[in-house]
Amino acid sequence: MPALWIAHVTVTDNEAYGKYAELAGPALAKYGGSFIARAGRYVQLEGKERPRNVVARFPSVEAAVECYNSPEYQQALDHARGASERELLIVETTE
């Protein structure tokens, strides 16, 4: 089953987070991920508001988790730590 990687982010250091974004895209692509939504318009209806919201589609939950744990993504994530407040989850889709 395909899966969605959903991140809600508040960027606190634009320069460092920009480096994360440069490295994260290729890491996701390597593991079959593709962006569906990336920092577009949104309407916050409930919960904590985060101004940057990203959704990527992966072939499976396992592929998304493998991407997250990969050396490539962890290298990217090093730039996001301390440069953002984030929530990230992976959810299997019904299609």
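These are a colleague's notes on the predicted model above, point by point.

1. **Ground rules.** This is a predicted model, so local features need pLDDT of at least 70 and side-chain atom pairs count only at pLDDT 80 or more, while totals for chains, interfaces and linings use all residues. Residues are numbered from 1 along each chain as its sequence is written, and side-chain values use heavy atoms, with hydrogens and water left out.

2. **The H2/H3 packing.** Start with helix H2 (residues 61-69) and helix H3 (residues 71-80), which pack at about 55° with their axes 5 Å apart. Helices here are DSSP runs of H or I with at least four residues, strands are runs of E with at least two, and both are numbered from the N terminus. The axes are lines fitted to C-alpha atoms, for helices over the stretch in contact, and angles run from 0 to 180 degrees between N-to-C directions. H2 and H3 are therefore oblique to each other; the bins are under 35 degrees for roughly parallel, over 145 for roughly antiparallel, 65 to 115 for roughly perpendicular, and oblique for the rest.

3. **Who touches whom there.** On the H2 side you'll find Cys67, Tyr68 and Asn69, and they meet Pro71, Tyr73, Gln74 and Leu77 of H3. Contact means heavy atoms within 4.5 Å. By type, the residues of this contact split into five nonpolar, two polar and no charged. For that split, Ala, Val, Leu, Ile, Met, Phe, Trp, Tyr, Cys and Pro count as nonpolar, Asp, Glu, Lys and Arg as charged, and the others, Gly among them, as polar.

4. **Aromatics.** Rings of Phe, Tyr and Trp (its six-membered ring) pair if their centres lie within 6.5 Å, with planes under 30 degrees apart called stacked, over 60 edge-to-face and the rest tilted. By this rule the count is six aromatic pairs. One of them is Trp5 with Tyr68, tilted, at 6.2 Å centre to centre and 55° between the planes. Trp5 sits in strand S1 (residues 3-11) and Tyr68 in helix H2, so this pair ties together parts that are 63 residues apart in sequence.

5. **How covered are those rings?** Trp5 is buried at 3% relative accessibility, whereas Tyr68 is partly exposed at 29%. The cut-offs are under 20% relative accessible area for buried, over 50% for exposed and partly exposed in between, using a 1.4 Å probe and protein chains only. Tyr68 also pairs with Tyr73, again tilted, with 5.5 Å between centres and 40° between planes. Tyr73 is buried, its relative accessible area being 0%. One aromatic cluster takes in Trp5, Tyr17, Tyr20, Phe58, Tyr68 and Tyr73.

6. **A charge over a ring.** Arg38 lies over the face of Phe35, 3.9 Å from the ring centre. The test asks for NZ of Lys or CZ of Arg within 6 Å of the ring centre and within 35 degrees of the ring normal.

7. **Ala39.** Worth a look on your backbone plot: Ala39 has a positive phi of about 60° although it is not a glycine. Ala39 belongs to the loop between strand S2 (34-38) and S3, and is partly exposed at 37% relative accessibility.

8. **Val91 and Ser60.** Val91 is in strand S4 (residues 84-92) and is partly exposed at 34% relative accessibility. Ser60 is in the loop between strand S3 (52-58) and H2, and counts as buried at 16%. The two are 31 residues apart in sequence and 9.2 Å apart in space, C-alpha to C-alpha. Setting aside residues up to four places away in sequence, Val91 touches Ala3, Leu4 and Ile6; with neighbours within four places likewise left out, Ser60 is in contact with Met1, Pro2 and Ala3.

9. **Thr93.** Thr93 comes in the segment after S4 and is buried at 16% relative accessibility. Not counting neighbours within four places in sequence, Thr93 is in contact with Met1, Pro2, Ala3, Leu4 and Arg57.

10. **Thr10 and Gly25.** Thr10, in strand S1, touches Glu49, Arg50, Pro51, Ala83, Ser84 and Glu85, leaving out residues up to four places away in sequence. Gly25 is in helix H1 (residues 14-30) and counts as buried at 16% relative accessibility. The C-alpha atoms of Gly25 and Glu72 are separated by 10.0 Å, with their positions 47 residues apart along the chain.
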